[in-house]
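Reader: I should like a close look at a single part of this chain, namely its main nonpolar core and the sheet beside which that core is discussed. Please then place that part in the context of the whole chain.

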Amino acid sequence: MRVDAEVREWFGNAPRLPDVGTVHFIGIGGAGMSALARILLARGRDVSGSDIAASQTIDELRELGARVTIGHFAENIENASAVIVTDAIDLDENPEFIAATKKDIALIRRSQLLGQLLQGHRVLAISGTHGKSTTTAILGQILERAGFDPLVVIGADMPGYHGSVRLGEGEFAVVEACEAYNSFFDIAPEIVVLTNVEPDHMDFHGSIDNLFASIEKFAQSASGSPKLIYCKNDPGACQVARSVADSIAYEMDDALASSMSLPGVHNAMNASGAVAAAVAVCVDPSVAVEAARFARAPLRRLTHMGEIGGVDVLDDYAHHPTEIKASIDALRRQFSNRRLIVVFQPHLYSRTQEFMKEFAEALSDADIAVLTDIYPARENPIPGVSSAVIVERLENLSSTCVYVPSRRLLPREVAKIAEKGDVIVGMGAGSIADFAPSLLDELERRSRPLRMEVWSGGDSAEREVSLLSGRMVAAALKRKGYSVTEADPAELLLGTASFDRLKGDGRPDVVFLAVHGTGSEDGGVQGFLELLHIPYTGSDVRASALTMDKAETKRRLAEVGLPVPKGALLRPGDPIPTAPIPCVVKPNAQGSTIGLTFIDDARDIPAAVARAFKYDRAVLVEEMVDGTEISVPVLAGEALPAVEICPASGKYDFEAKYTMGGTKEIVPARISSVAEQRAREYALTAHNAVGALDASRTDMIVKG
């Protein structure tokens, strides 16, 4: 937030905008800043600017001739004669602002430049806690219809305008005048239209008395007659009017409310204020009312973004409890008897702290409220202030609610609960604006064929085996008609491959894991995919990590009564144990045959242990169990027939397992029906004991 001391220190005596030279905007992509940049470009000035991210607005400014840099750098202001500063930037940290102070370049606050650009116009300033943008837009359209060709500056993009500005050349200028940081004091109004007054921006004003004092001072500064046009239905506006001698009131025009194209009682009230202001400057009342009836609202004012599969998606700027209630009421009237899902991003920690209770009460009017984390702007977190607290309050009100901490996940999570007939609206003043179009993309994904991506390779000792597995799996999926791509996690994580295809609309629906060994079957890749929120085949991180640890798996299986080989687990430096001969030495956490040695002579154990330590930090020395080796798969909760493993060499090592013809696999296994049944029971018990999902394979030795 901008504090009063900053305003007085840096912008107390605003310099005039130089007549020549480059005007540089720090944060040029914002609605307020881009509007002023457009005005200057239209007047033939040289304009440059910077912002933290690319946007359509920046693309449009570049087409008009502005030079815009993505990122804030000191060198951006080298050739500037003036630097325009938005209230959204941190003056202590922004390198362009700091560089400008050292070069003694004219520093002008955004609102100060607006005031200078409005000189020579009859300024109609729209102020109030809610409805400023819409009232400004409607009044601008009325004056346009009446032939006055007004300059209009709004705090939001407007259909048919140049972004958030109408470049009119008439005598009137209609502007949004915000009480935040007292920026409206830089405007010299002829008439002030006051829609309402409620507590807001208390981080700056400090108290409700200070807020009223600022608004009263601004209204008293108007030079026209009347000075103030205020809403008779709002107690706060009425309180301000008592301090302004030359003021007139407006109230709801019921005839207008019943015939407007814009939905909601609140918009009818906004239109009534716009009509009152237009009539005050001698617009014919019938012309004013007719123009208001068909007026358009700025973008993000219950803007219908699209419909897919019977789900209507809207976008709305509501970020104050009163605004949320008004928007929900308008949606209930417009979409009666339909389930309403409100997806809300609180704006500012300070505002959330002030209205925690009121936010919950307002959102409880929705059928489902979905909340994401607070958009901070330039505020630091406040202890105990979180969207999660609003969710708790909603639950206490017996409301259905969902908490999605990252806004990046909102489209995916909301798409999961969306049903035909739903009305879904994204609300908030922060970065929530990208939710609605992204949700439409997610809803459209549901009608597409499943996108599969097969991962193979990795960086384990079984890399080559995995690459072959991946090729075979991908080929099989393609034969089944799936859309399939292939990827190597080693290239994604260690190489030059891009993560972009794993995010947003282009991401795979499911990753088929054909990777083997450490970093892959041990939960590493699974954890990475879970961070990306991409579904994958096989068990989760916990089960994968557990079953890669042979010693821990044996302990778990023994706990549920399954017979396991006797043995010892060695760490580096442990003495070599006395082991029965024959025995097996193998790494504890590798594939089943990596680093494996069969021991027939106790003198070979130390070398086998040293070999196994090359692959892992722990080594198992186990008894050799003689018998028929079988493997029993479990798929989707059902144990499949046992597979008999018959290595040609008699020993099932890495070479026997992966060399073509090195091992015969016989199905069904040549064991008794009693042994077959028991093996299947053991496999299911093992599968459940380790928490495996989807598929597993349990290896066993059948004796006798």
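Author: A nonpolar core is here a set of buried Ala, Val, Leu, Ile, Met, Phe, Trp, Tyr and Cys residues joined through side-chain atoms within 4.5 Å. The model is a predicted one. By that definition, the largest nonpolar core has 51 residues, and Phe25, Leu113 and Leu228 are those with the most contacts inside it. The greatest contribution to this core is that of helix H2 (residues 31-42), which supplies 7 residues. In soluble globular proteins, nonpolar side chains tend to be buried together.

Phe25 offers a convenient point of entry. Once its neighbours within four places in sequence are set aside, Phe25 is in contact with Met33, Leu36, Ala37, Leu40, Val47, Ser48, Gly49, Ser50, Ile84 and Leu113. A second core of 37 residues is separate from this one, and includes Ile126, Ile138, Met158 and Leu262.

The sheet may be described next. Its 5 strands are arranged in the order S3-S2-S1-S4-S5, forming an open sheet with parallel pairing. Strand S3 (67-70) and strand S5 (106-109) are at the edges and have a single partner strand each, so one side of each lacks a neighbour in the sheet. From one strand to the next, the twist averages 20°. Within this arrangement, strand S1 (residues 22-26) pairs with strand S4 (residues 80-85) in the parallel sense, over 5 bridges. Opposite His24 stands Val83 in S4.

Two helices may be placed against these strands. Helix H2 packs on the sheet and touches S1, strand S2 (46-51) and S4, with its direction at about 170° to that of S1. Helix H5 (residues 110-117) lies across S1, S4 and S5, and runs at about 85° to S5.

Another element of the N-terminal numbering is helix H3 (residues 56-64), in which Asp59 lies. With a relative accessibility of 41%, Asp59 counts as partly exposed, because the partly exposed class falls between 20% and 50% relative accessible area. Asp59 and Ala545 are separated by 486 residues in sequence and by 48 Å in space, C-alpha to C-alpha. In helix H22 (residues 541-548), the residues Ala543, Ser544, Leu546 and Met548 are buried. The cover over the buried residues of H22 includes helix H21 (524-532) and helix H23 (550-559).

Charged pairs add a further set of links, and the count of salt bridges comes to 39. One of them joins Lys132 and Glu179, whose closest N and O atoms are 4.0 Å apart. Lys132 belongs to helix H6 (residues 132-145), and Glu179 to the loop between strand S9 (172-176) and strand S10 (191-194), so this pair ties together parts 47 residues apart in sequence. Lys132 counts as buried at 9% relative accessibility, and Glu179 is buried with a relative accessible area of 1%.

A salt bridge also brings together the side chains of Lys325 and Asp365, at 3.0 Å from N to O. Lys325 lies in helix H13 (residues 321-334) and Asp365 in the loop between helix H15 (356-363) and strand S16 (368-371), so the pair ties together parts that are 40 residues apart in sequence. Lys325 counts as partly exposed at 40% relative accessibility, and Asp365 is partly exposed with a relative accessible area of 33%.

In a further salt bridge, Arg407 and Asp434 have their closest N and O atoms 2.7 Å apart. The loop between strand S17 (401-403) and helix H17 (410-417) holds Arg407, and the loop between strand S18 (423-427) and helix H18 (435-445) holds Asp434, so parts that are 27 residues apart in sequence are tied together. Arg407 is partly exposed, with a relative accessible area of 22%, and Asp434 counts as partly exposed at 32% relative accessibility. Through shared partners, salt bridges also join Glu444, Arg445, Arg448, Asp505 and Asp509 into one network.

Finally, the whole chain. Its secondary structure comes to 26 helices and 30 strands. The radius of gyration is 34 Å, well over the 27 Å that the globule rule gives for 704 residues, so the chain is more spread out than a compact globule. Along the principal axes, the C-alpha atoms fill a box of roughly 105 × 60 × 45 Å. Of the 704 residues, 51% count as buried. Among contacts with a separation of 6 or more, 67% are between residues 24 or more positions apart.

Terms used: Residues numbered from 1 in each chain as written. Predicted model: local features only at pLDDT ≥ 70, side-chain atom pairs only at ≥ 80, totals over all residues. Heavy atoms only, no water. Buried < 20%, exposed > 50% of the residue type's maximum accessible area, 1.4 Å probe, protein only. Helix = DSSP H or I, 4+ residues; strand = E, 2+ residues; numbered from the N terminus. Contact = heavy atoms within 4.5 Å. Pairing = 2+ DSSP bridges. Axes fitted to C-alpha atoms, helices over the stretch in contact; angles between N-to-C directions. Rg over C-alpha atoms; globule rule 2.2 N^0.38 Å.
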